[in-house]
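User: Hey, I've got a structure open and I'd like to talk it through. Can you help me read it?

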Amino acid sequence: MTNTLTSALPAFEDRDDADTFRLRVERYGADLRESLGAVYGGQAESLYERVLGIMGAGFAARPRELRLLDEARLLHQDWLQRPEMIGYVTYADRFAGTLAGVGEHLDHLERLGVTYLHLMPLLKPRMGENDGGYAVVDYRQVRPDLGSMDDLERLAARLRRRGISLVVDLVLNHVAAEHDWALRARAGDPKYRDYFLVFPDRNRPDAYERTLPEVFPDFAPGSFTWDDALGGWVWTTFNTYQWDLNWANPDVLCELLDVILHLANKGVEVLRLDAIAFIWKRLGTACQNEPEVHHLTQALRAAVRVVAPAVAFKAEAIVGPADLIHYLGTREHHGKVSDMAYHNSLMVQLWSALASRDTRLTEVALTAFRPKPTTTTWGTYVRCHDDIGWAISDEDARRALLDGHAHRGFLSDFYSGEYPGSFARGLVFQYNPATNDRRISGSLASLAGLESALQSGDHWQIDDAVQRILLLHAAVMGFGGVPLLYMGDELGMLNDYSYVDHLEHARDNRWAHRPRMDWALAAHVVGEGTRPAGGDVDPARRDAARRIFDGLRHLVAVRAGTPHLHASVESRVIPSPDARLLLLRRDHPLGAMLQVYNVSEDDVELSCGMLRAHVGLAADERLSGYEYSLAPVALMVGGYQALWLTQKV
Ligand code: GLC
């Protein structure tokens, strides 16, 4: 590409710096410019220069160690796609008290093979209720009880030296009502009023609300909040204290880019773009997934690629499959937006299959997914810090011969434990009487039956629950992407009902599945730290925890040694001859891989003939380490068993 951009480039004292910056702008400047043009029209040219200035300052400030990481990543562009990648997600305080405390528990993470650590919101939030930290008052300060920005930088460096990438949330859609920008807006400064979406009366809010879905229908109904000081209704998609930012204002883009580069220069390697789907509003729509969202991401992504190529973006877009794929870059955005996105649909489908012992709907839903761009990856997970919403479309349900509404109702009944014979112990979150939607909170182990099994003391039930937990993990590790383990799940931690005793959590039962790390249990299971005196743990619980922990470590180790799981390869659904089995095929240049997951407690017979057609007469079953002869007529897939068969080379 010819360099027509040089005149706008910031000056650097060092010639090498100037060259590196120029070369990268030559590579990515067009993406940036194009997206600024698409969003800001006539203002784009001057904005482009302004953005280059911010990038130049960020580049000049980038520490040497991180520049080396940039160079290394440019040589390993697929770093997030590799089968060795294992994510771990936790609140720093719930895991280890403080950021410095997290640094004391790296052995635990290493034992699990973790290479990616997502510390839940840790930038300074408002006091009191703050949506688990997603209401930020200062992007440049760390939550005081966790430590300081210096502590964060130190921890990032420590993690980096152990090969663990630090992942941090970046809330782009809103700030806390107490953020400096909001305070200035309230004080009457028109510059800052324009950082938000404020309406003098209900006309426009009412018009918008006609097509806006409710995010928190229960504790924060509506999407606008009256503010006396502003003398208007301010847009608040989530809670009343989370004010949506006005991305149509280029100042907002510049501010947030500056924040991103600041965090990148502290050593953050992946930015989780919180609620990214919501950042652009358009009358008459749901105000999610609008085209400008992807342009804004592309602009930010291009800028970060120039300044800090080591840094990746992860989109948090909990949206339907047809919309989700665009967050990984389709059409003109191919390869230009986020590197990673949550596979919410896989998560929902696994729970659905487990409850119904039927994978038909899973087959339909996963088959409907368009292949993702080969340079991107999924974040796969069994559960996260949020509730589970039954994101199952009526159309997919119909194609699986189900009624969508009824099936979603069944899943809510099942996972709240109301359904007769259910093994789950979950809690209903955000019941919406208008749609009858009931989302579900609950820890993985409680949802998978461990809580009820331990209560009953029945060994068979405990066994089934452990198997379910391992099966779900096998599926998210086999699907391809970065598996995101949620803290405590490696020990089968149960629901923590004590959230009701904490004023700022009591109304939000998602805290039931955001427990404090049970280090006593960990010590019993893996001999970590000093075993606390008198820290007796029920033997059945300890035994289940040990089996889960060992099982996970085994999965992680097998996964790391299975190149077929590189995320550039797609998992495709193979129609299963038995509704209780889910079959996935991956075509790697090394040979085909066929995965089989039995979502029921029954032993299920599977024809070897059909397996032979995929992986030949003999195949390696990676999870057991055995070679399987597929010459016989059939093989038996045990209850909740997973098979990872790879063609022999
Ligand atoms: C994301 C977070 C969720 C939060 C919301 C608003 O969806 O995962 O916990 O409530 O954004 O920031």
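User: Okay, random starting point: is Cys608 buried or exposed?

Analyst: Cys608 is buried, with a relative accessible area of 1%. Keep in mind that this is a predicted model.

User: And what about Cys254, buried or exposed?

Analyst: Cys254 is buried too, at a relative accessible area of 5%.

User: How many disulfides are there?

Analyst: Zero disulfides turn up in the structure. In case the word is new, a disulfide is a covalent bond between the sulfur atoms of two cysteines.

User: Got it. Switching to charges: how many salt bridges does the whole structure have?

Analyst: A search of the whole structure gives 56 salt bridges. One of them joins Arg67 and Asp17, with the closest N and O atoms 2.8 Å apart.

User: Where do Arg67 and Asp17 lie?

Analyst: Asp17 is in helix H1, which covers residues 15-40, and Arg67 is in helix H3, residues 64-75, so their salt bridge ties together parts that are 50 residues apart in sequence.

User: Is Asp17 buried or exposed?

Analyst: Asp17 counts as buried, because its relative accessibility is 19% and the cut-off for buried is under 20%.

User: Which residue does Arg143 form a salt bridge with?

Analyst: Its partner is Asp145, and the closest N and O atoms are 2.8 Å apart. Arg143 is buried at a relative accessible area of 16%, while Asp145 counts as partly exposed at 47%.

User: What about Asp206, who does that one meet?

Analyst: The side chain of Asp206 meets that of Arg202 in a salt bridge, 2.9 Å from N to O. Asp206 is partly exposed at 35% relative accessibility, and Arg202 is partly exposed with a relative accessible area of 24%.

User: Which residues are linked in a network of salt bridges?

Analyst: One such network links Asp131, Asp386, Asp508, Arg510 and Arg514.

User: New topic, holes! How many cavities of 30 Å³ or more are there?

Analyst: There are four cavities of 30 Å³ or more. The largest has a volume of about 70 Å³.

User: Which residues line the largest cavity?

Analyst: The lining includes Val89, His118, Met120, Lys314 and Tyr342. Further along the chain, Tyr381, Arg383, Cys384, His385, Leu484 and Tyr486 also line that cavity.

User: And how does that lining divide into nonpolar, polar and charged?

Analyst: The lining of the largest cavity has seven nonpolar residues, two polar and two charged.

Key. Residues are numbered from 1 along each chain as its sequence is written. This is a predicted model: local features need pLDDT of at least 70, side-chain atom pairs count only at pLDDT 80 or more; totals for chains, interfaces and linings use all residues. Side-chain values use heavy atoms; hydrogens and water are left out. A salt bridge is a side-chain nitrogen of Lys or Arg within 4 Å of a carboxyl oxygen of Asp or Glu. Helices (H or I, at least four residues) and strands (E, at least two) are DSSP runs, numbered from the N terminus. Buried means under 20% relative accessible area, exposed over 50%, partly exposed in between (1.4 Å probe, protein chains only). A disulfide is a pair of cysteine sulfur atoms within 2.5 Å. On a 1 Å grid over the protein atoms alone, a cavity is a set of points where a 1.4 Å probe fits but cannot get out, and a pocket is an open set with protein on both sides within 12 Å along at least five of seven lines; lining residues have an atom within 4 Å of a point. Grid points are joined across faces, edges and corners, and a volume is the space filled by probe spheres set on the points. Ala, Val, Leu, Ile, Met, Phe, Trp, Tyr, Cys and Pro count as nonpolar, Asp, Glu, Lys and Arg as charged, and the others, Gly among them, as polar.
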